[in-house]
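Please open the model in your viewer and keep a selection panel at hand. The stops below say what to select next and what is to be found there.

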Amino acid sequence: RDKTDSLNRQRQVLEDLQLDTEHKAEELARASQYKSDFLANMSHELRTPLNSLLILSRSLADNETGNLDAEQIESARIIHDAGSNLLRLINDILDLSKIEAGKMELVVDDLPLADFERRLRRTFSHVAQEKKLDFDVTIDAGIPPVLRTDGARLEQVANNLIGNAFKFTVSGGVNIRIGRPDAALVLPEKFAGQALVAISVADTGIGIPAEKFDHIFHAFEQVDASTSRQYGGTGLGLAICLRIAELLGGDIILQSEQGKGSTFTVLLPEQPPEPAATPGEATPA
Ligand code: ADP
């Protein structure tokens, strides 16, 4: 009898625990939903006034009225730059919260790789010229001319990686290759037996120490975390890139040697995974 009582008590404790856990899980899910709703609303409320500030400071920096002196024009330019950085941060936080809430919807369509190549060239050739760096984008023979993917999101990833490559390179240059994965690349197991397209962004910049390879893909992590950092940035870019690549059914692999340069390779399956094929809302600009 004692044994039955004790068993019943234990059963009761277990049932209570289970109820408690279910309740906690529900609470957590609700809190997480509040958090992403809050971030989405907040980002919207912040962007609206910021846009006015950007438009007005731009027109002042361009001295449209013609009656500003050099110092005033420089001040307007600084306001505009600071505003642009803030807008970038807000957009990054919004993207990250969308991804975390599982609300980043993909718009999968045919992406002609020649168009993609042309746009990357157009976006970055002036940066290359300004920094006096080599810059080339090539498409290897033998890969399909059209990729089924979310072209806008893929371009966001490429722009981010190429932007970083230019940011951390002072001599040599940046090379983009669209082709099959390099034979030397160790491919994640999840791709076994799949045909892959690789977009590699190679630079001859400062490089990344091996012990930081994982860190820099986490939000807000940078190789140089000191307050007197030489390079600007939020540390959100790579976290967003990796999550988007994963949403597209792919991955990002990093190879780097300090002082020599880095290569970030975006791997994409030739056929997108099933869930990615659901059409969603238009990707916001
Ligand atoms: P951000 O560039 O805004 O700091 P990212 O997430 O894009 O954030 O990058 C995180 C960190 O990874 C950078 O601060 C830098 O330390 C390192 N990093 C990224 N790309 C490169 C690169 N091409 N060469 C050297 N370091 C890089």
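Begin with asparagine 63, which is found in the loop between α1 (2-61) and α2 (70-100); helices (H or I, at least four residues) and strands (E, at least two) are DSSP runs, numbered from the N terminus. The phi angle of asparagine 63 is near 50°, a positive value in a residue other than glycine.

Before going further, note that this is a predicted model, in which local features need pLDDT of at least 70 and side-chain atom pairs count only at pLDDT 80 or more, while totals for chains, interfaces and linings use all residues. Residues are numbered from 1 along each chain as its sequence is written, and side-chain values use heavy atoms, with hydrogens and water left out.

**Helix α2 and a second loop**

Select leucine 86, which lies in helix α2, and then serine 43: the two are 43 residues apart in sequence and 11 Å apart in space, C-alpha to C-alpha. Leucine 86 is partly exposed, with a relative accessible area of 42%, on a scale where buried means under 20% relative accessible area, exposed over 50%, and partly exposed in between (1.4 Å probe, protein chains only).

Next, go to lysine 132, in the loop between α3 (113-130) and β2 (134-139). Here too, phi is near 50°, a positive value in a residue other than glycine, and lysine 132 is exposed, with a relative accessible area of 73%.

Helix α3 itself holds alanine 114, which is partly exposed at a relative accessible area of 37%. If you draw a distance from the C-alpha atom of alanine 114 to that of isoleucine 206, 92 residues apart along the chain, the separation is 30 Å.

**The strands**

Select strand β3 (residues 146-149), along which the side chains alternate: Leu147 and Thr149 point to one face and are buried, whereas Val146 and Arg148 point to the other and are not. Add strand β1 (residues 109-112), which pairs with β3 in the antiparallel sense over 4 bridges; two strands count as paired if DSSP finds at least two bridges between them. Within this pairing, leucine 111 stands opposite leucine 147 in β3.

Move on to strand β4 (residues 173-179), which is mostly covered, with 5 of its 7 residues buried. Which strands should be displayed with β4? One is β2, which pairs with β4 in the parallel sense over 6 bridges, and another is β5, joined to β4 by 6 bridges and running antiparallel. Arginine 177 is a useful residue to centre on, being the bridge partner in β4 of threonine 138, while serine 200 is the bridge partner of arginine 177 in β5.

**Aromatic rings**

Now show the aromatic side chains. A pair of aromatic rings is described by the distance of the centres and the angle of the planes. Rings of Phe, Tyr and Trp (its six-membered ring) pair if their centres lie within 6.5 Å, and planes under 30 degrees apart count as stacked, over 60 as edge-to-face and the rest as tilted. By this rule the count comes to 4 aromatic pairs. Phenylalanine 217 and phenylalanine 264 form one that is edge-to-face, at 6.1 Å centre to centre with 65° between the planes. This pair links distant parts of the chain, since phenylalanine 217 is in the loop between β5 (196-203) and α5 and phenylalanine 264 is in strand β7, 47 residues apart. Phenylalanine 217 is buried, with a relative accessible area of 10%, and phenylalanine 264 is buried as well, at 6%. For a further stop, select Phe124, Phe135 and Phe166, which form one aromatic cluster.

**The ligand**

Finally, select the ligand and the residues near it, where near means that a heavy atom of the residue lies within 4 Å. Of the 20 residues around the ligand, Asn164, Asp203, Gln222, Thr234 and Leu238 come nearest, and the shell divides into 9 nonpolar, 8 polar and 3 charged residues; Ala, Val, Leu, Ile, Met, Phe, Trp, Tyr, Cys and Pro count as nonpolar, Asp, Glu, Lys and Arg as charged, and the others, Gly among them, as polar.

An oxygen atom of the ligand is 2.8 Å from an N or O atom in the side chain of asparagine 164, and a backbone N or O atom of leucine 238 also lies 2.8 Å from a ligand oxygen atom. The elements giving two or more residues to this shell are α4 (151-167), α5 (237-247) and β7 (261-269), and the largest share, 3 residues, comes from α4.

Definitions and conventions
Polar contact = N/O pair within 3.5 Å; in protein donor to acceptor, adjacent residues only side chain to side chain.
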